[in-house]
Every structure is written in structure tokens, then in C-alpha cells.
Amino acid sequence: MGSGSGLSGCFACIKYLMFAFNFIFWLIGCALVGFGIWVLVDDTFKELAADTSFAALQYAGIGIIVVGCVIMIIGFFGCCGAIRESKCLLVSFFVCMFILFAGLIAVGTLCFIRKDEFIELVIEEFEEEIQTYDPQNSNLVNLIQQTLGCCGLEDYKIEYKSYIQAHDAIPASCPQHPTQSFVAADDTPGCKAEAEQFINDYGVILAAVSISTGCVMLIGMVFSMLLCCAIKESYE
């Protein structure tokens with residue numbers, strides 16, 4: 001269906017809201033592509049991905065870029081479909097949005113169900129690395145300790161006993177005491193509890209973001225169908 005000016009009143013408002021919605025959606029896609037590229041070139045992420053237990057993370061950046069590109073395409077369909085009043089593009093937008101919505105629900109559900117397994121995987125790998133701690137190769141331990149401001153799994157004085165005896169200092173990734181190199185800063189927690197809390201907290205944030213995104217996507221699908229029906233009526 002070519003461009004037209006048959007829509008008026010409420011449907012004309014929906015048309016421009018649809019365009020604005022999809023333009024923002026397209027910008028989100030651009031942002032995801034940029035973020036995916038940053039993930040691929042970030043040194044910290046490369047260090048974590050180098051760990052054999054988390055080798056699959058090296059594909060995360062590529063996956064984010066692919067998702068960003070898909071969102072950009074969907075946003076393009078929505079923008080052009082709204083402005084040109086094209087039923088074909090609007091239906092394409094609806095189908096793509098529905099598939100993305102279903103994927104979002106599936107991924108969100110999987111993350112929620114497998115969250116405890118992921119926590120166990122992180123703790124197990126952390127425990128294995130800490131037993132043979134090497135500042136140059138224990139990437140996961142260093143990353144968690146630096147990011148969460150913790151030291152050791154539960155009691156660093158026991159877990160790092162041999163390291164402290166050999167170097168007269170705790171690992172550099174632990175919060176440092178201002179005057180004593182062989183003890184951590186006061187009130188430094190263990191990483192097990194901190195990692196569990198971190199993953200649980202961000203799991204709640206992820207769930208909230210997923211629900212919000214799903215609601216926005218549903219609104220977009222409803223707008224596209226309303227607009228499509230209005231275009232059909234205007235040309236009859």
C-alpha cells in the first residue's frame with residue numbers, strides 16, 4: 001500500500017506515535033550494536049571469556065550485535081510502515097515483534113529458572129581458581145574481587161594462606177588495607193555471599209527490564225494492528 005493521507009483524528013495520532021515509538025526502538029538497536037562492539041573489544045571481558053568455563057561468553061558480543069541489528073530492522077519496518085501507511089510493512093513489523101516478544105519471554109524464563117545453577121557455576125569456578133591462585137591467570141577471581149570489593153570465597157586468611165606466606169601480601173585484586181599488605185581492608189566481605197547477592201539483585205533488575213520491554217512491545221503490536229485496520233478502512 002502506498003503512502004496516503006486518509007488517516008485522521010485518533011488514527012493520525014496513532015500513526016505518529018507509532019513512528020516515534022519505532023524511531024526510539026531503532027535507536028535502541030543502534031545502542032545494542034555499539035554495546036556489542038564494545039564487549040568484543042573490552043579487555044576485562046576478553047579476560048573473563050578466556051576462562052574455559054566461560055568460553056561461551058566470547059559469543060555474547062556477537063549475539064548482542066545480532067539482536068541490535070534485528071531490532072534496527074524491526075524499527076525500520078515500523079517507521080516506514082507508519083509514515084507510508086503500508087499494511088505490508090506493518091504486518092511485517094507485527095510478525096517480527098511477536099517473534100522477538102516470544103524470544104524475550106523464553107530467555108527471561110530460562111534465566112529465572114537457571115539462575116541458581118549459574119550461581120553454583122560461578123562459585124565452583126571461583127573456588128577452583130582460588131585453590132591454585134595465580135594473579136596472571138585467575139581471571140574470574142580477580143574480576144569478582146575487583147568488581148564486588150570482596151576477598152576470597154568466605155575466609156581469605158585461610159584460602160590465601162599459602163599465597164600470603166609466599167608473598168607477604170594478599171592478592172592485589174582484594175581491597176587493600178591502608179597500612180598492612182598481608183590483610184584486607186577492614187570489613188571486607190567474602191565473595192561467595194557478595195556474588196550471590198549481586199546475581200540475585202541483577203536478576204530482579206533483568207526481570208523488571210524484561211517485563212517493561214515486553215509491555216512496550218505489546219503496545220507497539222497493538223498500535224500496528226490498529227493502524228493496519230484503519231488503513232484498510234480508509235482505502236475501502
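Let me start with the disulfide between Cys-151 and Cys-174, whose sulfur atoms sit 2.1 Å apart in what is, I should say at once, a predicted model. The dihedral about the S-S bond is 75°, and the link of Cys-151 and Cys-174 is right-handed. Cys-151 belongs to the loop between helix 6 and helix 7, while Cys-174 belongs to the loop between helix 8, residues 161-167, and helix 9, so the bond ties together parts that are 23 residues apart in sequence. Both ends of this link, Cys-151 and Cys-174, are buried.

The structure holds two disulfides, and the other one joins Cys-150 to Cys-191, with an S to S distance of 2.0 Å. Here the angle about the S-S bond is 100°, and the link of Cys-150 and Cys-191 is again right-handed. Because Cys-150 lies in the loop between helix 6 (139-148) and helix 7 (156-159), and Cys-191 in helix 9 (residues 191-234), this pair ties together parts that are 41 residues apart in sequence. Cys-150 and Cys-191 are both buried. If we number the bonded cysteines of the chain in sequence order, the pairing comes out as 1-4, 2-3.

Now, why is Cys-30 not bonded to Cys-69? The sulfur of Cys-69 is the closest cysteine sulfur to that of Cys-30, but at 9.0 Å it is too far for a bond, given that the cut-off for a disulfide is 2.5 Å. Cys-30 is also partly exposed, with a relative accessible area of 27%. Cys-229 is likewise in no disulfide, and the nearest cysteine sulfur, which belongs to Cys-228, is 6.0 Å away. As for its surroundings, Cys-229 is partly exposed, with a relative accessible area of 46%.

Let me turn to the nonpolar cores, where one of our bonded cysteines comes back. The largest nonpolar core has 24 residues, and those touching the most other members are Phe-126, Ile-144, Cys-151, Tyr-156, Tyr-160 and Ile-170. Helix 5 (115-131), helix 6, helix 8 and helix 9 each supply at least two residues of this core, and helix 5 gives the most, with five residues. Within that set I would point to Tyr-160, which, not counting residues up to four places away in sequence, touches Ile-130, Tyr-133, Val-141, Gln-145, Cys-151, Gly-152, Pro-171 and Cys-174. Both partners of the disulfide I began with, Cys-151 and Cys-174, are therefore among the residues that Tyr-160 touches. Apart from this core lies another, of 16 residues, among them Phe-21, Phe-101, Leu-227 and Ile-231.

The last residue I want to show you is His-177, which lies in the loop between helix 8 and helix 9. Is His-177 buried or exposed? His-177 is buried, with a relative accessible area of 17%. Its side chain has polar partners in the backbone: a polar atom of that side chain lies 3.1 Å from the backbone nitrogen of Thr-179, and the side chain of His-177 also reaches the backbone nitrogen of Gln-180, at 3.2 Å. Leaving aside its neighbours within four places in sequence, His-177 is in contact with Val-183, Ala-184, Ala-185 and Asp-186. With the loop between helix 8 and helix 9 holding Cys-174 as well as His-177, that brings me back to where I started.

Notes
Residues numbered from 1 in each chain as written. Predicted model: local features only at pLDDT ≥ 70, side-chain atom pairs only at ≥ 80, totals over all residues. Heavy atoms only, no water. Helix = DSSP H or I, 4+ residues; strand = E, 2+ residues; numbered from the N terminus. Buried < 20%, exposed > 50% of the residue type's maximum accessible area, 1.4 Å probe, protein only. Core = buried A, V, L, I, M, F, W, Y, C linked by side-chain atoms within 4.5 Å. Contact = heavy atoms within 4.5 Å. Polar contact = N/O pair within 3.5 Å; in protein donor to acceptor, adjacent residues only side chain to side chain.
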